[in-house]
Amino acid sequence: MQPTPSSVPQRRLARQARQKFVEGLCSGLPELGKTVQEFLATLMTQTGTAREMQSRRDAWMQYQQLHDPWIQRTAKAWQESLAPHVSSTRGQLAGGAVGNQFELLSDDVVENKILASRMALTITEQVGPQFDTLRQRTQSLEGQELDGNDILRPDTVCLLLVEQWVESGLSRTDLQTVVDPLQRDLANLLQKHYQAVNVFYVEQGITPQTDLKSRVRRTSGGAVTGSGGSDSGSGGLASQALAQTREAMAAARGNPLFPAQMPRMPQFPPGYPRHGMHTAFATGMTPLARARQRAQGVMGQLRRLLTQPATGFDMVNAPPASAALAHALTAHRVHADTFYTNVATLMEDYSPAAVVQLAGTVRERSTELKKKATTTGEKAIIEVVALMFQSILAEDRIPPAVRVWFARLQVPVLRVALAEPEFFSNLDHPARKLIDRMGACVLGFDSTSINGSALEAEIRRVVQVIEQYPETGRRVFQLVYDEFEKFLSKFLTEKQATSRLVSVAQQVEQRETLAIQYTIELRTMLRDMPVRDEIREFLFKTWAEVLALSAVRDGPQHADTVAFKRTAADLVWAASAKPNRSDRAQVIQNLPGLLQRLRQGLTLLGVNGAEQDTQVKTLTDTLADAFLSKTASIPQAHIEAMAKRLANLEDFMSDATLGDMPLNADNIEMMLGIDASSIHVVADNGAPVDDAMVAWAQELQPGTWYTLDHNGASAQVQYAWQSQRKQLHLFAAVDGSSYLIQLRRLAAYLQAGLLVAQDEEGLTLRATRDALAKLDANPERLLD
């Protein structure tokens, strides 16, 4: 018999469990720190405005200096939380009584609490089942509910971590920047050690108190009855399981953050303010983060359904499939083609009636597999996966030819779901990502345009590879997902006109990027040199363009490019003060060659005739003035150092684009050498746009279909390509026209709702939502 909760040994056992939990968390802190460091390093290499790039670099440098103190302080705070009485600002509630007095919390305390609460909200969705079990077992030992500041609570762990981040000198804004990867890894760490403590409790013979809710079920009239001896038979157990299923659905539906029947996402313009609870918790989040939070709500609802007592599904360790079900799944893999012989005509007949026939066959297959299942968990998984694929097959925006192949993924996905519970909790599971990507890429095609296409053939190949693989799991889905991405990169730009446009656009971006970086490097080199303003302006605005164009056209180490680099150094020296007669003689001797190279560079830019003469005259007048100047001269050693650095400048330059790249629409047709009337160049026009929208624009996935509203006309377009530095983006319309859009203008279109994704959620998330809605209306089917 389990000892009474009030016994000293039992309380000591609870303290040991907390100690074990905190030690585990502290051991995982270095990995959390590494995750943040790698994320900031990656973020620093991404493109953006000069201000964004500087901000990211500052965040990375500050973290390099202060991450060790943060790790140490967080570990110490977690360990000190084990003390019986902890004095901390986190224990003070706004307006709460402390020593019979009321205190106002500082802004920092409030901001810490808000940020920590958001983190805890997301983390709890993942660790909820393990934490609930741990909470009940600890409560059974101590005879009381966990204190609000108990270190076992996710919100306490998060608050201490946030407090120590700020108190160690790191910026709270930077923490908001890294919160997504940080809370993801922290959730995994908490999940691991909640499970470890639960194992520890089991080894000590501690079981959780029975939740009284599971003992209560309601009749159709609303009366409450007990689930006692009358339900002890098989029929009673079935009734109890059904009652628990209904209860789980009701509990999920009762959570205001994650309503059970969330409607399909309305086509609001991206960034349009959405009212209600979601907006309250999403303040300050990027559109991508808000969408992901809504998606996590659906996944959390599904996890609660599957982990209810009636189902008994373990979201961490999946048991092996029962013998009969395993045999049936193996037989289906070996004879996959045979199982679909009843709908073999679908390979030639893609009519709506044929798709209905296919859906019926898939449903029959699910029913047969469900009969082979011997546990409630297996039955529930089979039913959920079946309902998800019913939703996918009912999506009439997917061409029937593709739905045929999606249907054949149901059993391989079921095998994954049975073996990898993460499928029901991780939006980034390769199986989900593959289905979402293939679905997003076909939404804009009709049957006539996709039948027999390379895209249809690739989807067929992907499905057949998955079907034939002996052990269908994460590895094979990740393998074919990577192959599909490589296929898309070629498929979307394989048309000759598109390929040429991509090539030119890439050169445009490369040239403008190099021009910006050459300018930055020249500014750095000339910062402390006494150089005339006319020479500075010419080098920064004109000669940097010459260097960039020559580097793109001929290569950075081509003889002409190297000569142009040397010209920059020679011009700086020639325009400096010349107090010595020998220096003046050298300038006169070198002047014809210098002027010849300057004219050669201007000609390369297309600056000819009178305009070229004007610029050269300005330079020669400046050189003449240098002869009479009494200012300090530039030492020859400085000039040689500048020339040496310019010669190998590419070794010192970052790959990132440091600034906003201009796009000249007038030159596109000339550079292509073809009729560019069907190419719409949408350049940056200076419209104000949020940084979050720019980040969103950089994360768009090629192949996805959008509705584009451009100059009052609506077009259905597929995102076909992004340049290497993500400054240029190409969309292809079904009528053959193309839209080349600059980054910030693309972000402005997203912000204004002029570019709207045709599938904002993704196939698998919408299928999950539809499955939950069906189970909410008919919970009996989950286990029947």
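Trainee: Among contacts in the chain between residues at least 6 apart in sequence, what percentage join residues at least 24 apart?

Mentor: The figure is 74%. Please keep in mind that this is a predicted model.

Trainee: How many helices and strands are there in the chain?

Mentor: The chain contains 28 helices and 10 strands. It has 784 residues, and 49% of them are buried.

Trainee: And how much area does the chain expose?

Mentor: The exposed area is about 36,200 Å², of which carbon and sulfur atoms supply 52%.

Trainee: Turning to the interior, how many residues does the largest nonpolar core have?

Mentor: That core has 74 residues. Those with the most contacts inside it are Leu409, Phe424, Leu434, Leu455, Ile459 and Phe484. Helix H12, residues 376–393, contributes the largest share of this core, with nine residues.

Trainee: Which residues is Leu434 in contact with, leaving aside its neighbours within four places in sequence?

Mentor: Leu434 is in contact with Val462, Ile466, Phe477, Val480, Tyr481 and Phe484.

Trainee: Which residues does the second core include?

Mentor: The second core is separate and consists of 51 residues, including Ile71, Leu141, Leu146 and Val162. As general background, nonpolar side chains tend to be buried together in soluble globular proteins.

Trainee: A new topic: is helix H13 mostly covered or mostly uncovered?

Mentor: Helix H13, which spans residues 400–407, is mostly covered, with eight of its eight residues buried. Among them are Arg403, Trp405 and Phe406.

Trainee: At what angle do helices H9 and H14 pack?

Mentor: Helix H9 (residues 323–334) and helix H14 (residues 410–419) pack at about 145°, and their axes are 10 Å apart. Their crossing is left-handed.

Trainee: Which residues make that contact between H9 and H14?

Mentor: From H9 they are Leu325, Leu329, His332 and Arg333, while H14 provides Val411, Leu414, Arg415 and Leu418. These residues of the H9 and H14 contact comprise five nonpolar, one polar and two charged.

Trainee: One last residue: where is Ala577 found?

Mentor: Ala577 lies in the loop between helix H21 (559–574) and helix H22 (581–605).

Trainee: Why is Ala577 classed as buried?

Mentor: Ala577 has a relative accessible area of 6%, and buried means under 20%, so Ala577 counts as buried.

Trainee: How many residues apart in sequence are Ala577 and Val531?

Mentor: Ala577 and Val531 are 46 residues apart in sequence, and the distance between their C-alpha atoms is 9.3 Å.

Terms used: Residues are numbered from 1 along each chain as its sequence is written. This is a predicted model: local features need pLDDT of at least 70, side-chain atom pairs count only at pLDDT 80 or more; totals for chains, interfaces and linings use all residues. Side-chain values use heavy atoms; hydrogens and water are left out. A nonpolar core is a set of buried Ala, Val, Leu, Ile, Met, Phe, Trp, Tyr and Cys residues joined through side-chain atoms within 4.5 Å. Buried means under 20% relative accessible area, exposed over 50%, partly exposed in between (1.4 Å probe, protein chains only). Helices (H or I, at least four residues) and strands (E, at least two) are DSSP runs, numbered from the N terminus. Contact means heavy atoms within 4.5 Å. Axes are lines fitted to C-alpha atoms, for helices over the stretch in contact, and angles run from 0 to 180 degrees between N-to-C directions. A crossing is left-handed if the near helix is turned anticlockwise from the far one by less than a right angle, and right-handed if clockwise. Ala, Val, Leu, Ile, Met, Phe, Trp, Tyr, Cys and Pro count as nonpolar, Asp, Glu, Lys and Arg as charged, and the others, Gly among them, as polar. Accessible areas come from the Shrake-Rupley method with a 1.4 Å probe; for residues, only the protein chains shown count as cover.
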